[in-house]
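Colleague: I would like to learn how to read a metal site and its surroundings in a model of this kind. Could we go through it step by step?

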Amino acid sequence: MLFLGIGVVIYGRSGGKKLAERLGVPRPAIIAHRGASYLAPEETAPAYMLASEMGVDYLELDLQRTKDGVLIAVHDDDLRRTTNIAEVFPNREMDTVDKFTFGELQSLDAGSWFNIRFQDRARASFKNVRILRLEDVLEIAEGGFHKPGLYIETKSARRFPGIEKQLVEILTARGWITPHARVSESPPTERARARVIFQSFEPNSLALLKELAPQVPAVLLIDETMMKKDGWYALLTRAEQLGVGIGTWGYQWSQDPGWSIKDAPNRYVTTWPWYTGQAHRTGLLVHPWAIDERWEMWMVSFFGADGIFTNRPELALLFYGRADHIDLKPMWERIGY
Ligand code: G3P
Ligand code: CA
């Protein structure tokens, strides 16, 4: 039994290597979740520029669409948490993102909330940073030295019919995806040949993306609710039909004061090594989110994860030996924040 257990762990640990190589996805992939979002306001220029400057493999973003059809990077359905919407549009703060034009969104301050909430990390230059369009994020990724790829989530996609087509058209027009090659012929970095990865919690959105751009790796995100509703095997099969990977939710025990050891079997199953091993045997990469503590990085890596979404790429780069030290001061100076 012990040997079987050890075998499972070893297989889980190694099974993703060949998959990642075939797909041109760096392993372990360091995915800056909403940018370097522990150190700067999520999904804004400083968060993405800092992550790019650090040398991450991918910038992660949540794609939504404005009332006038502009694709933007915003996580929440509405703007209350990450902007001063209540001040600027006092009667509309409950409205979802799609009720605003891009021009209206440009009048919002998407940085000051961070300074109020995280005073130890506040910077005067975050005040008045703006919501970004997809094109702005592309520009950030194209600039700088490291040129990371993009890991794009179609967020709440059923609210945005046609967003998949629009996304593929923009990426194609900018040369980010080419009609046939799965991997980029001119890699953005030495590590990443798959320049774009799509991700979604919504199978229908991934199915559309697969139809429009089958050459782009796609990852089905799963959460606790989906696990309870559909079960692991059904999700694995769905992920296999739709793409090349599965985005499991991570441990985050440190962020969950209510956690108890009794919850472990049900709540955090998808990064255990036997699940990772099953995903690998099914031909799927495993990218858990959002892994922010060193010990969590160690654990999911030990269990075979092929990379991590992290709000703390500055820790992940050190943890994976991709940097000897991270000196933030010159980075902030170079990016002008
Ligand atoms: O995209 C991976 C992870 O970000 C999914 O959760 O809610 O942070 O978008 P969320
Ligand atoms: Ca996301």
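Colleague: Which residues coordinate the calcium ion (ligand 2)?

Modeller: Bear in mind throughout that this is a predicted model. The calcium ion (ligand 2) has Glu60 (OE), Asp62 (OD) and Glu153 (OE) as its coordinating residues, at 2.2 to 2.4 Å. Along the sequence these donor residues follow the spacing E-x1-D-x90-E.

Colleague: How should the geometry be read, and what is the site of the calcium ion (ligand 2) called?

Modeller: The general idea is to compare the angles with ideal ones, which for six octahedral donors are 90 or 180 degrees. Here the angles among the six donor atoms of the calcium ion (ligand 2) run from 58 to 161°, and the site is irregular. An octahedral label would require all angles between donors that are not opposite to lie between 65 and 115 degrees. Water is not among the atoms, so the site may look incomplete.

Colleague: Are Glu60 and Asp62 buried or exposed?

Modeller: Both Glu60 and Asp62 are buried, the criterion being under 20% relative accessible area. They belong to one face of strand E2, together with Tyr58 and Gln64, while Leu59, Leu61, Leu63 and Arg65 make up the other side, and the residues of both faces are all buried.

Colleague: Why is strand E2 (residues 58-65) described as largely enclosed by the rest of the structure?

Modeller: The description follows because eight of the eight residues of E2 are buried.

Colleague: Which strand do six bridges join to E2, and which strands have other pairings with E2?

Modeller: Strand pairing is read from the bridges and their direction. Six bridges join E2 to strand E4 (residues 149-154) in the parallel sense, with Leu59 facing its bridge partner Leu150 in E4. Strand E1 (residues 29-32) is also parallel to E2, over two bridges, and there Ile31 stands opposite Tyr58. Strand E3 (residues 71-73), by contrast, runs antiparallel to E2 over three bridges, one bridge pair being Arg65 and Leu71. E2 and E3 form a hairpin with five residues between them, and Gly69 in its turn has a positive phi of about 85°.

Colleague: What lies around ligand 1?

Modeller: The residues around ligand 1 include Glu60, Asp62 and Glu153, which also coordinate the calcium ion (ligand 2). For polar contacts one looks at pairs of N or O atoms: oxygen atoms of ligand 1 lie 2.5 Å from a polar side-chain atom of His33, 2.7 Å from a side-chain N or O atom of His75, and 3.0 Å from one of Glu153. Ligand 1 taken alone exposes 280 Å², of which the protein buries 91%.

Methods: Residues are numbered from 1 along each chain as its sequence is written. Chains are lettered from A and ligands numbered from 1 in the order in which they are written. This is a predicted model: local features need pLDDT of at least 70, side-chain atom pairs count only at pLDDT 80 or more; totals for chains, interfaces and linings use all residues. Side-chain values use heavy atoms; hydrogens and water are left out. Donors are N, O and S atoms within 2.8 Å of the metal (3.2 Å for Na, K and Ca); water is not among the atoms, so sites may look incomplete. Four donors count as tetrahedral if all angles lie between 85 and 135 degrees; four count as square planar and six as octahedral if opposite donors are over 155 degrees apart and all others between 65 and 115; anything else is irregular. Buried means under 20% relative accessible area, exposed over 50%, partly exposed in between (1.4 Å probe, protein chains only). Helices (H or I, at least four residues) and strands (E, at least two) are DSSP runs, numbered from the N terminus. Two strands pair if DSSP finds at least two bridges between them. A residue is near a molecule or strand if one of its heavy atoms lies within 4 Å of it. A polar contact is a pair of N or O atoms within 3.5 Å; within protein, one must be able to donate a hydrogen and the other to accept it, and residues adjacent in sequence count only if both atoms are side-chain atoms. Accessible areas come from the Shrake-Rupley method with a 1.4 Å probe; for residues, only the protein chains shown count as cover.
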